[in-house]
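Student: Please take me closely through one part of this structure, slowly enough for a first-year student to follow. Then place that part among its surroundings.

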Amino acid sequence: MDCIANKENTGWGITIFYNMVEHLATRVIIFLSYVALTFGNRESTDQDAFRTILTKDGDRYKCISINQQPSLRHPLLTNHKIQMKPSSYPIELYNRSLSAVNNSLAELPTISCPTGTIPILQDIKGGSTNIFFHTKNADERAEVAGAKINDDVYGTSVSINVYEPTVKEKTKDISTSFAVLLNAQNKSHLEAIGAGSIVWPSFRGDTFARFHISWMDRTHSGRVQCYDHECPGFVQVGNIGLGGRILPVSIYNGPQYQINVLLFKDPKSKDWWLATGNTLIGYWPSQLFTILKDKAVSAFWGGQVAGPTVQENFPEMGSGHPASEGYGKAAFMGDIKIVDRNNKYAKPDFHKSFAATSKKKCYSVDSFGQDERGLHVYYGGAGGCKR
């Protein structure tokens, strides 16, 4: 069944969009939509599959022809011609491998699909879980902690420290570590793209950190968020398995691992590309967007907890420890840079950037600053606090 997300039947997303948070006399706007829990089945037929691959973690991927992937079912992508690479790369972003900056890189799941095919994860537990939060209902909220910039942004790169925070099982709750680019015309029209790590027990019935993408496009005025291939829209060109396990992960007071997430706009086609290091994963075609088509006006790097029982039982965020504990104990976002209007890799304007948390009793931020590699911030907490 083709899926075009709507309020009744939507692809789950990770809503890092914003309620009012005060920080140094600056308010962070976090737009939160409604809770809607629905399920769907995005499996491809055996006739579509060139090969089925079972990973050591028990994930089953079908290798589907790149020209038959779910993204092409989107009504805005009729007759879309798949682009295998961007027309150009942000200066320095392509020539400099971020893996050279830090040797402790976790691996994203790479699926050995034949040439001309891409991997699609199968057997998702319960299909998609749409967690949208209504801004007027305090019982249905998300909480965030991290860094944000309000400025024209044409891309970003970030090293995301990956942990596996504890999230209550048998719930629809999640804990994420994500990078997001956003443009909001008003509270009812948001367009955004994002990628990062999520611990989401109801997704596959486990508590592993998994790699996910998420977006909100112009369909239904940007009020609905989708993830991975649950809704059509994201055009995949590489063999990274969306929804797959990230390994290894960081250990408290032990080895630290991170993933490098790169989001950038092709200045010619205006498509938004996703890569890790120098490996292209895919892109969101420009046809999906209106206000995000030209640029983002803000970016967020940090953690989020969300779900129907979050307010009763706040899950861990980041490492599960407060940001003040620092390196090796608290989760961080590091080496944060943006892409400017000239398609150049640049440090964010520190005067337009800030760190904040929406729930100080549960989650904290610390050591927000900037060096030659860009912005950095520690964030997270144990949760379990009272409202």
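Tutor: A disulfide is counted here wherever two cysteine sulfur atoms lie within 2.5 Å of each other. In general terms, such a link is a covalent bond between the sulfur atoms of two cysteines. Please keep in mind that what you see is a predicted model.

Let us take the link between Cys 63 and Cys 113 as the part to study, where the two sulfur atoms are 2.1 Å apart. The angle about the S-S bond is -80 degrees, and the link of Cys 63 and Cys 113 is left-handed. Cys 63 belongs to strand 4, residues 60-65, whereas Cys 113 sits in the loop between strand 4 and strand 5 (117-121), so the disulfide ties together parts that are 50 residues apart in sequence. If you look for these two cysteines in the structure, you will find that both Cys 63 and Cys 113 are buried.

The strand that carries Cys 63 deserves a look of its own. Five of the six residues of strand 4 are buried, so strand 4 is largely enclosed by the rest of the structure. Strand 4 also pairs with strand 5, in the antiparallel sense and over five bridges. To see this pairing residue by residue, you can start at Tyr 61, which stands opposite Leu 121 in strand 5. As a general rule for a regular strand, the side chains alternate between the two faces of the sheet.

The loop between strand 4 and strand 5 has another contact to show. It holds Cys 113, and among the 10 aromatic pairs that a search of the whole structure finds is the pair of Tyr 89 and Phe 264, with ring centres 6.0 Å apart and planes at 40 degrees, so this pair is tilted. Tyr 89 lies in the loop between strand 4 and strand 5 and Phe 264 in strand 13, residues 258-265, which makes this a link between distant parts of the chain, 175 residues apart. The two rings can be told apart by their accessibility: Tyr 89, at 22% relative accessibility, counts as partly exposed, while Phe 264, at 1%, counts as buried.

We can now set our disulfide beside the others, for the whole structure has three disulfides. Counting the bonded cysteines along the chain, the pattern is 1-2, 3-4, 5-6. Another of these links joins Cys 226 and Cys 231, with the sulfur atoms 2.4 Å apart. Its torsion about the S-S bond is about -75 degrees, so the disulfide of Cys 226 and Cys 231 is left-handed. To judge how hidden the two cysteines are, we need a cut-off: a residue is called buried under 20% relative accessible area. Cys 226, at 5%, therefore counts as buried, and Cys 231, at 2%, likewise counts as buried.

The remaining link is that of Cys 362 and Cys 385, whose sulfur atoms are 1.3 Å apart. This pair connects distant parts of the chain, since Cys 362 lies in the loop between strand 19 (353-357) and strand 20 (364-371) and Cys 385 in the segment after strand 21 (374-380), 23 residues apart. Both Cys 362 and Cys 385 are buried. Between these two cysteines you can trace a hairpin, in which two residues join strand 20 to strand 21. Strand 20 and strand 21 run antiparallel and are joined by six bridges, and Val 365 has Tyr 379 in strand 21 as its bridge partner.

Strand 19, which we met beside Cys 362, brings us to a wider arrangement. Seven strands make an open sheet with antiparallel pairing, in the order 11-10-9-8-16-6-19. Its edges are strand 11 (226-227) and strand 19, each of which pairs on one side only. Within this sheet, strand 8 (residues 174-186) and strand 16 (residues 296-306) pair over nine bridges, and Thr 176 stands opposite Gln 304 in strand 16.

Finally, consider the nonpolar residues. The largest nonpolar core has 56 residues, of which Phe 211, Leu 274, Trp 284 and Trp 301 touch the most other members. Apart from that core lies another of 21 residues, including Val 180 and Trp 200. Trp 200 is also linked through ring pairs with Phe 203 and Tyr 227 in a cluster.

Notes
Residues numbered from 1 in each chain as written. Predicted model: local features only at pLDDT ≥ 70, side-chain atom pairs only at ≥ 80, totals over all residues. Heavy atoms only, no water. Helix = DSSP H or I, 4+ residues; strand = E, 2+ residues; numbered from the N terminus. Buried < 20%, exposed > 50% of the residue type's maximum accessible area, 1.4 Å probe, protein only. Pairing = 2+ DSSP bridges. Phe/Tyr/Trp six-rings, centres within 6.5 Å; stacked < 30°, edge-to-face > 60°. Core = buried A, V, L, I, M, F, W, Y, C linked by side-chain atoms within 4.5 Å.
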